[in-house]
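Subject: A structure for you to explore

Hi there,

Here is the structure I promised to pass on to you. Have a look at it first, and then read my notes below.

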Amino acid sequence: MESQYIQSHHRHNPAGNQCSSAVFKHIKAPVHLVWSLVRSFDRPQRYKPFVSRCVVRGDNLGIGSLREVNVKSGLPATTSTERLELLDDDEHILGVKIVGGDHRLKNYASIITVHPEIIDGRPGTLVVDSFVMDVPEGNTKEETCFFVHSLITCNLRSLADVSERMAVLQDAAEPIPQYCI
């Protein structure tokens, strides 16, 4: 299924000086819970551990909205300006492009998709997060992809932790039926 999702939603066309990759994460929580976190363009800090603060410019949270993100210390950046490129609540697709900031993620664009699946007989979610970006001068494609892949992996682990805790709380209040495959 992963390759189908990549072909359908994650087609990046990297130029010669760019790298591109995708990260997959299976989460033991229903898709609606995971999507509620992913789609929150105005609150990425709900699950992204490196974000300390986010301020959206204007009142609109539609396509073209800009957010100013403050990055926690320990990373080679302090701020990032990001634009919402794609938001599809029916297909569960979020696209974001970095348009400024004091970091080396030049021409960075990502697409995150969220897909329902069954894990251990219960509703689960497959998250696919793909990106494309320029390779900074002085770095190789491999180094750049490794660094960004590591950040995304950390974000998706955190997304899984938060989503699975939410699922446990929801299940305690309103049990989720098990599915037989």
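In what sense do S4 and S5 pair, and over how many bridges? They pair in the antiparallel sense, over eight bridges. Please keep in mind as you read that this is a predicted model.

**The overall picture**

The protein chain holds three helices and seven strands. Starting at the N terminus, the order of its elements is α-β-α-β-β-β-β-β-β-α. Along the principal axes, the C-alpha atoms fill a box of roughly 50 × 35 × 30 Å. The radius of gyration is 17 Å, which agrees with the value near 16 Å that a compact globule of 181 residues would have. Of those 181 residues, 44% are buried. If you take the contacts between residues at least 6 apart in sequence, 54% of them join residues at least 24 apart.

**Strands S3, S4 and S5**

S4 is a good strand to start from. On one side of the pairing list is S3, which pairs with S4 in the antiparallel sense over five bridges. Here Leu 66 stands opposite Arg 83 in S4. Arg 83 also stands opposite Lys 97 in S5, so you can use Arg 83 to step from one pairing to the other. S4 and S5 form a hairpin with four residues between them. In the turn, His 92 has a positive phi of about 60°.

Also in strand S4 you will find Leu 87. Is Leu 87 buried or exposed, or something in between? Its relative accessibility is 24%, and because buried means under 20% and exposed over 50%, Leu 87 counts as partly exposed. Leaving aside neighbours within four places in sequence, Leu 87 is in contact with Trp 35, Arg 39, Leu 61, Ile 63, Ile 93 and Leu 94.

**Helix H2**

Trp 35, one of those contacts of Leu 87, is among the buried residues of H2. This helix is mostly covered, with six of its eight residues buried. Besides Trp 35, the buried residues of H2 are Val 31, Leu 33, Val 34, Leu 37 and Val 38.

**Ser 110 in S6**

Next, look for Ser 110 in strand S6. Ser 110 has a relative accessibility of 11% and therefore counts as buried. Not counting residues up to four places away in sequence, Ser 110 touches Leu 94, Gly 95, Val 96, Asp 129, Ser 130 and Phe 131. Leu 94 is also a contact of Leu 87.

**The largest pocket**

How much space lies in the largest pocket? The answer is about 730 Å³. Its lining has 38 residues, and those nearest the centre are Glu 82, Ile 98, Leu 105, Tyr 108 and Leu 151. By type, the lining divides into 25 nonpolar, seven polar and six charged residues.

Several elements each supply at least two residues of this lining: H2, S3, S4, S5, S6, S7 and H3. Which of them gives the most? That is H3, with eight residues.

One last pair to find is Leu 87 and Leu 151, which are 64 residues apart along the chain. Their C-alpha atoms are separated by 22 Å.

Enjoy exploring, and write back with any questions.

Best wishes

Key: Residues are numbered from 1 along each chain as its sequence is written. This is a predicted model: local features need pLDDT of at least 70, side-chain atom pairs count only at pLDDT 80 or more; totals for chains, interfaces and linings use all residues. Side-chain values use heavy atoms; hydrogens and water are left out. On a 1 Å grid over the protein atoms alone, a cavity is a set of points where a 1.4 Å probe fits but cannot get out, and a pocket is an open set with protein on both sides within 12 Å along at least five of seven lines; lining residues have an atom within 4 Å of a point. Grid points are joined across faces, edges and corners, and a volume is the space filled by probe spheres set on the points. Ala, Val, Leu, Ile, Met, Phe, Trp, Tyr, Cys and Pro count as nonpolar, Asp, Glu, Lys and Arg as charged, and the others, Gly among them, as polar. Two strands pair if DSSP finds at least two bridges between them. Buried means under 20% relative accessible area, exposed over 50%, partly exposed in between (1.4 Å probe, protein chains only). Contact means heavy atoms within 4.5 Å. The radius of gyration is taken over C-alpha atoms; the globule rule is 2.2 Å times the number of residues to the power 0.38.
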